[in-house]
Amino acid sequence: MMRYQTKTIGALALATILLAVSAASAVETRRFNRIATPSAPGGGPRALPGEALANVDRSALVAAIREALLTWNTPNADSVLDETFYDRERLLDNLRGGAPLDARIRILGVRAVNILGQRADELDDGRKVIVSTAVAVVDTQIEFEDPTLGFRQVRGLNEYHLDVTSLAPQQR
Amino acid sequence: MMNIRIPLCAAVAALAAAHLSLSVAAQSDFVVETEGTIKVDPADAAKTIDPAEPGDAVANPPPGASGRILSIRIKRVINRAGNNPYFVADPVENADGQLIGDNDAGGAGLNGCLGSIAFAESATGPNGTFFAGVDADPNTLDCRLRNDGQGPAIIFQIDTAFPPVNQVEAFSDVLVGTFQLVPNAQVNFFPGQQQTLTVRAVTGREFEIDVIVDQAGAQTFTLRVTGIRQTA
C-alpha cells in the first residue's frame, strides 16, 4: 500500500514538474534571436569609438578655409569644390567663362566655425584620417575692375558647408 | 539597507554629472564664438589680397602631426546676405549685393525648375488639353515646375483635340500678372523643338529658360527645362 502511495505521489510530482516546465517554456524561456545586421565592408568609413569629437585646431581650420576660398576664380577653383556640390561644372564654367579675369575674392572675416560631426577614414596610402563636417560663416568680397563702372566690390556673407580631412591622432 | 542605498544613489548621480560635464566640455571645444562683423575700409579694398591676417597666422600642424588638415572641400554654400561667390548662375555679382535668385536662399532658386514634369490633362478645360507650368517667386526667383494648370511665369498648353494639334502654346498668366514674356506675346512651337524664352517679373527680375517638350504618346507629353539663368 505504501509503495502504491509513493508511486502515485511520485507520478503526480513528475506530472506537475512536466506541466510547469511546458508552461515555463511557453512563457518564460524565449529564445534570443540575433538581429541580423550587415557587417561594415573592410576599409570603409567607420564611426569613431564613442561620441567625442576629435580636436580640430580652430586657427588651422580658419587658415585652411581662407586658403580654400582664395582659389576662387583661379585655375585651382575646382580643387576645393566637392564632387557633390550642386551644379559644380556649371559653376566652374561660369567662373572660367563669365568672371572677369582680374576678379578676386577677399576674405573679410571668418566668423563662427562649427564642427557638426566626424567620421574616421583611411587614405589610399594607409594614413588614418578624420573627416569633419564643418560649417563656417565667412564674410567675403569680390573685387574686380569693371570697364564702365570702375573698381567694384561685391560683398557677401555666406555659410560654407565643408568636409575637412585631417590626420587622425596616433593610435596608442 | 537604507544606509547602503543612499550612498549608491549618490555615487550614480555623481558619475552621471561628471559624465555630463565631460561631454559638454568635449563639445564646447568646437563651438567657436562669432568674431563679429569686420568693417570694410574703402582704402583697404585696393590692397592686394593677403591670406595671412592677424590671429590667423597659426599654421597647420607640421606634416605628419595629428590634426594636420590635409584637404578641405566645399559641399554647399548657403547665402545669408549679399553676394554668394559660389552662386552657380552668376558667381561674380549676383544681384548687386541683394539676394535674388539664389539657389540657397532657403528656397530652390531658379535651379528649382531644372528638370522635367509630365503634362497633366486639364480638369476643367476641354478634353485633350494638357498643361505644365513654371511657377516662380518674382522677388526671390525661387522656381518650381507644376502641372495643375497654374504657372504664373509661364504656362505651357497643348491641345490634342483641335488643330493645330499638339502645338505647344507658351504664355504668362495674365490673371496673376507677376510675370510676362519678353516680348510680350504668346510663343508657339511643337514637341521636339528647343525653345529659349525670356520672362520678366514685375519686380524687374528677368530670366531666360531653355525648354523642350518631349512627346512619348498621343497624349503623353513632358516639359523638360534644360537651362535657366537670371539675366536681370
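In this predicted model, buried residues account for 30% of the 232 residues of chain B. The secondary structure of chain B consists of one helix and 12 strands. Read from the N terminus, chain B begins with the helix, and the strands follow, giving the order α-β-β-β-β-β-β-β-β-β-β-β-β. Of the contacts in chain B with a separation of 6 or more, 43% involve residues 24 or more positions apart.

Chain A may be described in the corresponding terms. Its secondary structure comprises three helices and three strands, arranged from the N terminus on as α-α-α-β-β-β. Buried residues make up 26% of the 172 residues in chain A. Where contacts in chain A link residues at least 6 apart in sequence, 64% of them join residues at least 24 apart.

The two chains touch each other, with 47 residues of chain B in contact with 66 residues of chain A. On the side of chain B that touches chain A, the element that gives the most is strand 1 (residues 69–82) of chain B, with 14 residues. By class, that side of chain B contains 26 nonpolar, 11 polar and 10 charged residues.

Strand 1 of chain B also takes part in a sheet with chain A. Strands of a sheet pair through backbone hydrogen bonds, in either a parallel or an antiparallel manner. Here, four strands form an open sheet in the order 1(A)-2(A)-3(A)-1(B), and the pairing is antiparallel. The edge strands are strand 1 (104–122) of chain A and strand 1 of chain B, each of which pairs on one side only. Neighbouring strands of this sheet are turned against each other by 20° on average, direction ignored. The link between the chains within the sheet is made by strand 3 (residues 150–167) of chain A and strand 1 of chain B, which run antiparallel and are joined by 11 bridges. Along this pairing, His161(A) stands opposite Arg76(B) in strand 1 of chain B.

A helix of chain A accompanies these strands. Helix 2 (residues 58–69) of chain A lies across strand 1, strand 2 (128–146) and strand 3 of chain A, together with strand 1 of chain B. The helix runs at about 120° to strand 1 of chain A.

Which residues have the most contacts inside the largest nonpolar core? They are Leu61(A), Ile65(A), Ile74(B), Cys113(B), Phe156(B) and Ile209(B), in a core of 71 residues. Helix 2 of chain A gives the most to this core, contributing seven residues. In chain B, Cys113(B) may serve as an example of the surroundings of one core residue. Setting aside neighbours within four places in sequence, Cys113(B) is in contact with Val134(B), Cys143(B), Arg144(B), Leu145(B), Ile209(B), Val225(B) and Ile228(B).

A further residue to consider is Asp82(A), found in the loop between helix 2 and helix 3 (88–98) of chain A. Why does Asp82(A) count as partly exposed? Asp82(A) is placed in that class because it has 15 C-beta neighbours inside 10 Å, whereas a buried residue would need 20 or more and an exposed one would have 12 or fewer. Not counting residues up to four places away in sequence, Asp82(A) touches Asp163(A) as well as Arg73(B), Ile74(B) and Lys75(B). Asp82(A) and Asp163(A) are 81 residues apart in sequence, while their C-alpha atoms are 8.2 Å apart in space.

Key. Residues numbered from 1 in each chain as written. Chains lettered and ligands numbered in written order. Predicted model: local features only at pLDDT ≥ 70, side-chain atom pairs only at ≥ 80, totals over all residues. Helix = DSSP H or I, 4+ residues; strand = E, 2+ residues; numbered from the N terminus. Contact = placed C-beta atoms within 7 Å. Nonpolar A, V, L, I, M, F, W, Y, C, P; charged D, E, K, R; others polar. Pairing = 2+ DSSP bridges. Axes fitted to C-alpha atoms, helices over the stretch in contact; angles between N-to-C directions. Core = buried A, V, L, I, M, F, W, Y, C linked by C-beta atoms within 7 Å.
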